[in-house]
Amino acid sequence: MRTFDCPCGNELSFENSICLNCGGQLGYSPGLRMIARINPARDGLWRAKTAHGDAGYFRKCVNYAEFNACNWMIPADDPSSFCHACRLNSIIPDLSVDENVRLWFRIEQAKRRLVYTLDMLGLPVFGKHVDRDRGLAFEFLRDQSGDSDEFLNELGGDQHILTGHKTGIITINIAEADPGARERMRERMSEAYRTLLGHFRHEVAHYYWDLLVRDSGYIERVRTLFGDERQNYQEALSAYYANGPLENWPDSHISAYASAHPWEDWAESWAHYLHMADTLETANDLGLSIRGSGVELLVPGNPERLQLILEEWSELTNALNALNRSMGLPDAYPFAIGSGAADKLRLIDEIIANAARAAPHPLPPTRNGATPTAPV
């Protein structure tokens, strides 16, 4: 994730809605891929100005204007009330519950970062209001008990909401936005890493499997590397939770969970590709260097560049981990990418590059009338 500049010269982060230097209101435009300072204009419009000059007229996303749970803007001629990211929502939590508001705010932050990275990579990002069968939707749900600790059975049970994906719908149990509950789940599941953003990146991989792989010419190559996804999924997961990961999983998998089933191998590998894309953009934007050389951006479709990045990634993450340990924190990236996992990342890189070429504009036209914020 890059940083941005306010017209006043102050450096801004992706989540900022107020400039702490000049006090101006801010809004992110996914079309411009920039944060602008915004001033009230006419008829609910805002005049936007970036560090490069005037950017025209926009409206605030409803979730920005009414709930301050978003900081994205909508072009003045776009009929939707919701921004590019929020119009993907199908269900949000009941906002009459104070805790839900707090958790939803964190969920939206992670989701917007996901959408930013997907846009940056040039992947198609469109909702079910555009294409009911092939579109993407998010459902943010809460266990009926209302107790964050009640979601600690990952395999499910009565009234438990499972984070997962089905037919383009990504469901997130909002308890995942509670750091304490999420950490208890991480320890219970013996996981090295568990974050809200990681969930989004993992689950969206299942969506892109359906969109880009399942019925494509890639399917046999994917099966060769990741395994045959036609093996029984529930049986494979049950075996994983009963017996643990494959004994030699580091030889060919990026994480222990990736060895549970080919679908999970794909999702874990895809998530790590997005980890790399976002982290490398941040390091590049900050001017970090490795042994005197600047950090490369991850640009899909360049195998030689990807090989260089994979070699540098180990050094960069070793540095990140060392810095975290200096602060008494867990490793930021508790993984090592072996040759088998690297081969999978190379194929994912190729698939993403070809998808971007097929859909060069990441923001497809929208239809008016979407109602993506029905609470439950």
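**Exercise 1. Find how helices α7 and α8 of this predicted model are arranged, and which residues join them.**

Start with the ranges: α7 covers residues 262–285 and α8 covers residues 303–326. Helices (H or I, at least four residues) and strands (E, at least two) are DSSP runs, numbered from the N terminus. Next, take the geometry: the axes lie 12 Å apart, at an angle of about 75°. Axes are lines fitted to C-alpha atoms, for helices over the stretch in contact, and angles run from 0 to 180 degrees between N-to-C directions. α7 and α8 are therefore roughly perpendicular to each other (under 35 degrees is roughly parallel, over 145 roughly antiparallel, 65 to 115 roughly perpendicular, the rest oblique).

Now list the residues in contact (heavy atoms within 4.5 Å). From α7 come H275, M276, T279, L280 and A283, and from α8 come I309, L310, W313, L316 and L320. Sort them last: eight are nonpolar, two polar and none charged. Here Ala, Val, Leu, Ile, Met, Phe, Trp, Tyr, Cys and Pro count as nonpolar, Asp, Glu, Lys and Arg as charged, and the others, Gly among them, as polar.

A note on the model: it is predicted, residues are numbered from 1 along each chain as its sequence is written, and side-chain values use heavy atoms, without hydrogens and water. Local features need pLDDT of at least 70 and side-chain atom pairs 80 or more, while totals for chains, interfaces and linings use all residues.

**Exercise 2. Work out how α2 meets α7.**

Helix α2 spans residues 98–120, and its axis comes within 10 Å of that of α7, crossing at roughly 90°. α2 and α7 are therefore roughly perpendicular to each other. On the α2 side you will find R113, L114, Y116, T117, L118 and M120; they meet L274, A277, D278 and E281 of α7. This contact divides into six nonpolar, one polar and three charged residues.

**Exercise 3. Trace the open sheet of five strands.**

Follow the order β3-β4-β5-β6-β7, with antiparallel pairing; two strands pair if DSSP finds at least two bridges between them. The edges are β3 (25–29) and β7 (73–75), each pairing on one side only. From one strand to the next, the twist averages 50°. Then look at β3 and β4 (residues 34–40): five bridges join these antiparallel strands, and Q25 has I38 in β4 as its bridge partner.

**Exercise 4. Decide where the prediction scores low and where it scores high in pLDDT.**

pLDDT is the predictor's confidence in each residue, from 0 to 100. The chain averages 90, and 91% of the residues score at least 70. Among the elements, helix α4 (residues 196–213) has the highest mean, 98, and strand β14 (residues 374–375) the lowest, 31. Two stretches to check are residues 154–158, under 50 with eight contacts beyond four places in sequence, and residues 361–376, under 50 with 45 such contacts.
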